[in-house]
Structures are given as structure tokens and as C-alpha cells.
Amino acid sequence: MAEKVALSLLLSNPPPTKPQFPSQTHSHHQPVIPTSSPPPIAPLLQNLLLSNQHSDFLKPINPKNPSNLSPRPRTRIGKARDPNRGKPWSHHRLSPLGQQVLNSLTDPSFESTELDKILSHLFEYYQDESSSISGNMDSLSMDVLGVIKGLGFYKKCDLAVSVFEWVRSRKECELVLNCSVVAVIVSMLGKQGKVSAAASLFNNLRKDGLDLDVYAYTSLITAYASNGRYRDAVLVFRKMEEEGCKPTLITYNVILNVYGKMGMPWSKISGLVEGMKSAGVALDDYTYNTLISCCRRGSLYEEAVQVFEEMKLAGFSPDKVTYNSLLDVYGKSRRPKEAMEVLKEMETNGFSPSIVTYNSLISAYSRDGLLREAMELKTQMVEKGIKPDVFTYTTLLSGFEKSGKDEYAMRVFEQMRAAGCKPNICTFNALIKMHGNRGKFAEMMKVFEEIKTCNCVPDIVTWNTLLAVFGQNGMDSEVSGVFKEMKRAGFVPERDTFNTLISAYSRCGSFEQAMAVYKRMLEAGVGPDLSSYNAVLAALARGGLWEQSEKIFTEMKDVSCKPNELTYCSLLHAYANGKEIERMRALAEEIYSGVTEPVAVLLKTLVLVNSKCDLLMEAEHAFMELRKKGSPDLSTLNAMIAIYGRRQMVAKANEILNLMDESGFSPSLATYNSLMYMYSRSENFQRSEEILKDILAKGLKPDIISYNTVIFAYCRNGRMKEASRIFSEIKDSGLVPDVITYNTFVASYAADSMFEEAIDVVKYMIKNGCKRNQNTYNSIVDGYCKHNRRADASTFVSSLRELDPHVSKEEECRLTERIMKKWS
């Protein structure tokens, strides 16, 4: 039911549709192209920088005395009190009267009722002049532009919009409002986060017949992009091209940045660049830097290096931004050695590493699991006088979390707070993920609540993290609930959300739901990227659908989507779950031989899949190779404990436990479950319950596997009273007994010839809505046969419908055949 609810939520609220442009053809002005510059900083940062207005301003003008209009001298205000760092705003083409209008509007004593009077005087002044009307209108237009820009500079955006609307209401507005004014006001609304208002204004102006040019379009594209509405930005870009409005260098740079944020395939990004060149628009250094940044999401380090070399061949010298972007790509690609080479070249060329540089390097080492080296880099940067920032601490915290070193992660968090560094939403997201992955849902939700108390706002990553956590714990109703709350909070599902939902539903075992989400993503016009393909492959892998996985793998290559290590990891899991051992071994050989680079994550996966398939020698080989690369992570150590535990190799399991402790890892629930399994099959079976008590004492929440293992330990040894006590604890803990729980009791009673008790358990299963499986009735039939009670076995099968009205005819026939085979 939860799955159906989630899908209906997803399908009932598709992403925003294409902006409604009136169909009209018009020519375009070609003003002077401004110099290329990076996109504007985020509105939140802009607000922080320019949140206060300085008070020592010029008094309002007297509209009746336009003569002697000369700018009054400004007093430079100290940096401590002036958010604009003492720099007065000026517009070299603003007339003296225009300057006084601006002074009046920015004066603290200004009242909105004075707006009509002040602006009317400005218009009347130009209309009264004896020179040509066109010349006057050009001067008036420049004054309107200057006033609106000035109001924007002084953070009086609402007033700027009021000025614009006042001018727009005049009959001569078409002569005064030019595309530059429109571009400024659209950009201003975008920076305020009022992108819908900007789009509405833009479309209304087009309907009114105003001739909009490339700069007006570029401002709207930038407004969408800076507010995370990437698909809308692309739609405006396409509409602009359809209408014959040629993009400028700035337009292309903004769209390239949008493509990078959207995770567009490299083929589309390079296609856009080729179109840019064909249009005669030359790339600049900002373009090259943006292209390198675009390689980050797909870990396209080879493509990034190619762009880097092309940049130098084109005559551009890499700057600090270039080197930091390349470092960031290597960091995302888990290639710390190459990142260090970039650092050396950067320093050789006279660029001192900054906080951004060190953060990228720390990210590279953390992603590769080299946390000791990452911490050494933090120490190094401090020695050089560079203070770690929130990104430094959050990267380290996240690295320790991924490695399962929760104590170290919390230590970093405490260091961060002790240093007076305020956590940001990324920090909170990392903590949510850490607690959620450990099953500490109460702590996780405390962190979620703390976001609000720290004046942060949950972002799309927060919601995606919650979806992922509940998904990997099989909590499909919670996945649906979080998705519903996310949409209620105003978040429109983008590619990352679709990818997370695919992963979440597949982890819940809802494969069809996962594929429905993938289909919905395609219908919404969101093309799959590397993460999308990997999410689908992971879903297929969980079902052991290796043939479909190979088809997806081929499709990726056909669309030039370069597989990464996670792609190969999913293939290994697909082969393992599909029992295709030979295919798994063939891919493993490619990895060991270097055909596919044997990075740490692939070696870790080889440990996991070989442990899962109970291939001890292969698991030990992969583990040995992994240790040559660095320290194994918690999941890898757990896999080794699991395979040793299944084989009752207690000494070997304890060796891994010691290594886990030496490496600073906190045992997880999976660790404890493997240990309980090992002891449940041994003479020291009571140790299983002792471990269960340890789990509870450490604040971890046992799952149904934990309780089932202890029940098995007691049932196997005929201690039914203790097993029943653990059964009661399951219900007290809020968990629901599953078919394995009940089958353990049924099998134990039947093996001891206690058939009435076994049948009572089946009745209890039926009463509580637990679906029986083949093992349920196999245990009873096999018990009768074991005790040479063939007639009773046959009687049980023939009267089974009286016990279980839902049993099928096929199941009765299967059990009858089973009895015959037992006696043949």
C-alpha cells in the first residue's frame, strides 16, 4: 500500500512545465557585450554581505528647484559599519538629476507615497527640454536604468521593482524601458529568489510587444540557474535559440554551468561547446574552468585533464580557480596521487594553495578512505596559517562516517564546535546519514530538528538522505512519507531525487516501484546520468538480474556515459546474487590484472560478493589485495567476520575483531549479528543472547535478524522456554515476528515430535497475518517422516485446508510428492 501511495505522489505532481512564451517574432538589439564574469553569488550570501543600509545619506531633492543640480560629496564610511566596504555606488552615465532621484529614494526618511512625485518630476524635466525627443528619451532611459541599478546596489529591490512598474505604466514606457533595464530587474528578482515573479514579468513584457534581447534572456536563465531550477533555465535557452536570438559568451557559460549541475552526459556538454564554436563564440578562461567543474559529477578526470590541456593550447594560463577545479575532480574521482601532482604544478606556477585547495585535497584522500593522510593535510594547512572552515570539518566528518568510525566523526564535530565553526546544512546531512545508517533513528531525527534551531533550512540533499536511509532499512512507508513531506516543503524532484527514490525502493525490495520511478523520470524529460544508471544497476543487482544489468551496461557505453567503479560494483553484485559465479570470477580477473583499474572500492566489493557466495579463498584473496591498498572499511571487515562466522572459525573472526578495534571502528549491528550467528551454532550458544544485551546496552536497535538468531540458538538446543522469552521481547521492542521467526519454532517442535505445538504455532501465524512459506509445512512433514509416521504425514497434508484455507492445490501436491520421496 505504501508503495502505491508513494508512486501516486510521484506521478501526480510532475516537475514544472515549459515556460509559457507567447508566439511572436521580433528582432534583437545588439548592445556592447560585457566582459565575461562568473555567475552572481547566491542570494543568501548577497543578503549577508549587503544586509544593512548606511545611514549618512543625502537628503531628498526639492523637485521644484531642478537648477544647480550637482552631486554632493559623499563621506566614506568605515568598513566596520558599511557592508559595502566603504565603496560609494556610482553610475557614470547617471545625470545630476538622476543622482538626486536616487538619493531621495534611498534616504531613510523616504515614504512610498512620494514615489509618484519624485519620478514625475524626473519625466517632466526631460519632456520640458528643448532638445530632440529621442535624445531626451535616451537620457531618461539611462537615468531610469541608473536609478534601478542603484536601488539594487543598496538592497532596495522592492523599491526598484516599484520604480520599474511605475515607468511601465507610463504611455511612453516603450521609449524608456530598454532591454538593459529589463535584464537588471529580472536579475534583481532572481537574486531575491523571486524567480517565478521574474519569469512572469518577462513573459508579460513579451506579450506587451517589448523587444527583448539576449541580455534579458540571459538574465532570466541566470535567475533560474541560481535558484536551482535548471530544467527551466535550459527551456528558456532553447526558446531563445528557436526565436533566433543568438547566445553570447555569458549565456553559454551560464548554460554550461547548468549542464554541470544537472549532471548532463559529457556528450551533451561537449556538443554544446561545439555549437558554441560553430556560432563563432570563442571560449574564455571561465568557460574552460566551468568545463573542468562539469567533469566533477561523473568523476570524469580524464576529460578534465583533456580540457585542462586544451585550455593551455588555446593560450590561457590556468589560474587558481582552474587548479582548484581540477583538484576537485580528482577528489571526486578518488585519485589523491594525481591531486597532489596538481598541487605541485600549482605551487610551481606561483599559486599558493588556499582553503579551497586544501579542502579538495582532503576530499580526495577522504573519499579514498585515506583518513590519516586527510588529517595530516588539515594539520599542514593550520601550520601554513590557513584556518579550517565548515567544509574542511564536514568533509572529514563525512569521511569517518563512511568508514564506520563514528567516534572519530563525532570527535571532528566537537573540534569544529570548539573552534567556533558553525555547522552548515552539509554537516547536518552527514550526521543524519551517520545516525541513520547505524539504525539510530531517534538521534537522526534529533539532528533533523536541530537544523531548525541553528537557523538552517533542510535542502534537497537532506530530504534525499532521509529517503536513502529509510530505503536501505526497508522502511517503504517512511520513504513515502518523507517524499510527501519533501514535496509539501516545496521541493520539486530533480534527477538526484529520482535516483535516490530508485535506490530507496529497490532496497525496500520494491523493484517494480523502482523501475516505475525510473520510467517517470524519463517521462518528465530528465535524462539519466551516471548516477541514474548506477541506481538502476544497483536495483537490478539486488534481484540478481545480471542479464538486464549487462544490457544497461551496454546502453551506457552506447550513449557515451562512462562507467565508473560503482558501475562495476553493481555488476559484481548482480552476478553474485544471480549465482553467476564464473562471470563474477571473470570480472574479478579483469580487476586483478588491471584491465579494469583495481581501485579500493572494487576490491572491497570483491570481498563482499565472495563472502556472500561463501567463497572463502576468493574472499581472503580480495581482502589481502585490499589491505595492500590501505585500510579496509567497516563493511569489508563485517564481510570477513560473516564468512568466518558461518564456518565456525572463531579464532579468525576474533582476528578481524581485533583489527577492527585497532583501526578505530565501532562494531555495527551487522558485526553483532554475524557474531551471534557464529555462537548460535556452537556449544557456547548462550553467548548469542549476551551479545544481544550488549547491542541494547550500546544504544543500538536490534533488528528481527538479531532476535531470530538468538531464538534459533535456544531452539536448536531444546531450550524452548528461553526461545519463547526472546519471542516476547520481539513484540516488546516494536518489531514484528517474520516467517523465519515462526518457522524456527515449527521446525524445533516438529524435530522433537511435538506436533501439536508445531501446529499451534502455524495457527498463531495465520491469526497474526504472517504468510507461510514452503519451509513452514516442510518442517512438519519432514518431522513426521523422521519419526517413521508416514500415515500421520499424509493425514496432515490431506487435512491441511482445514488448518490453512489459503493453501493451494499445488502446495498440497508438492507436499505429497515430498512424502513419497522421503519413503522411496
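C454 counts as buried, at 16% relative accessibility. The model that shows this is predicted. C785 counts as buried too, at 10% relative accessibility. Does C454 sit close enough to another cysteine for a bond, or too far? Too far: the closest cysteine sulfur, in C456, is 6.2 Å from the sulfur of C454. A disulfide needs the two sulfur atoms within 2.5 Å, so this pair does not qualify. The structure as a whole holds zero disulfides.

**The chain as a whole**

The protein chain has 824 residues, and 52% of them count as buried. Its secondary structure is made of 45 helices and zero strands. The accessible surface is about 38,800 Å². Carbon and sulfur atoms account for 52% of that surface. Now take the contacts between residues at least 6 apart in sequence: 66% of them join residues at least 24 apart.

How confident is the prediction? The average pLDDT of the chain is 82, and 87% of the residues score at least 70. Residues 1-86 have a pLDDT below 50, yet this stretch has 157 contacts in the model beyond near neighbours in sequence. Where pLDDT is low, the predicted coordinates should not be read in detail.

**Nonpolar cores**

In soluble globular proteins, nonpolar side chains tend to be buried together. Here, the largest nonpolar core has 163 residues. Which residues have the most contacts inside this core? They are L105, I148 and F164. Beyond its neighbours within four places in sequence, I148 is in contact with A160, V163, F164, V181, V184, I185 and M188. Another core, of 90 residues, lies apart from the largest one. Its members include M640, I641, A713 and I819.

**Two enclosed helices**

Helix α8 covers residues 179-191. Among its buried residues are V181, V184, I185 and M188, and these are also contacts of I148. Other buried residues of α8 include C179, V182 and G190. After the helix comes G193, with a positive phi near 85°.

Helix α26 covers residues 495-507. Its buried residues include the nonpolar F498, L501 and I502. R495, T497, N499 and S506 are buried there as well.

Here are the two helices side by side.

| Helix | Residues | Expected span | End C-alpha distance | Buried |
|---|---|---|---|---|
| α8 | 179-191 | 18 Å | 18 Å | 10 of 13 |
| α26 | 495-507 | 18 Å | 18 Å | 10 of 13 |

Why is α8 described as largely enclosed by the rest of the structure? Because 10 of its 13 residues are buried. The reasoning for α26 rests on its own count: 10 of 13 residues are buried, so α26 is largely enclosed by the rest of the structure. The spans can be checked as well. At 1.5 Å a residue, α8 should span 18 Å, and its end C-alpha atoms are 18 Å apart, which agrees. For α26, the expected 18 Å agrees with the 18 Å between its end C-alpha atoms.

**Two residues inside helices**

T322 is found in helix α16, which runs over residues 320-332. Is T322 buried or exposed? T322 is buried, with a relative accessible area of 0%. Leaving aside neighbours within four places in sequence, T322 is in contact with N289, I292, F308 and M311.

S779 lies in helix α42. S748 is 31 residues away from S779 along the chain, but their C-alpha atoms are separated by 8.5 Å. Not counting residues up to four places away in sequence, S779 touches V746, A747 and A750.

**Positive phi in two loops**

Most residues other than glycine have a negative phi. Q648 has a positive phi of about 60°, although it is not a glycine. Where is Q648? Q648 lies in the loop between α34 (634-646) and α35 (650-662). Q648 is partly exposed, with a relative accessible area of 32%.

N788 is not a glycine either, and its phi is positive, about 55°. N788 is in the loop between α42 (774-786) and α43 (790-798). Is N788 buried or exposed? N788 is exposed, at a relative accessible area of 62%.

How values were computed. Residues numbered from 1 in each chain as written. Predicted model: local features only at pLDDT ≥ 70, side-chain atom pairs only at ≥ 80, totals over all residues. Heavy atoms only, no water. Helix = DSSP H or I, 4+ residues; strand = E, 2+ residues; numbered from the N terminus. Buried < 20%, exposed > 50% of the residue type's maximum accessible area, 1.4 Å probe, protein only. Expected span 1.5 Å × (residues − 1). Contact = heavy atoms within 4.5 Å. Areas by Shrake-Rupley, 256 points an atom, 1.4 Å probe, with all protein chains shown as cover. Core = buried A, V, L, I, M, F, W, Y, C linked by side-chain atoms within 4.5 Å. pLDDT = per-residue confidence, 0-100.
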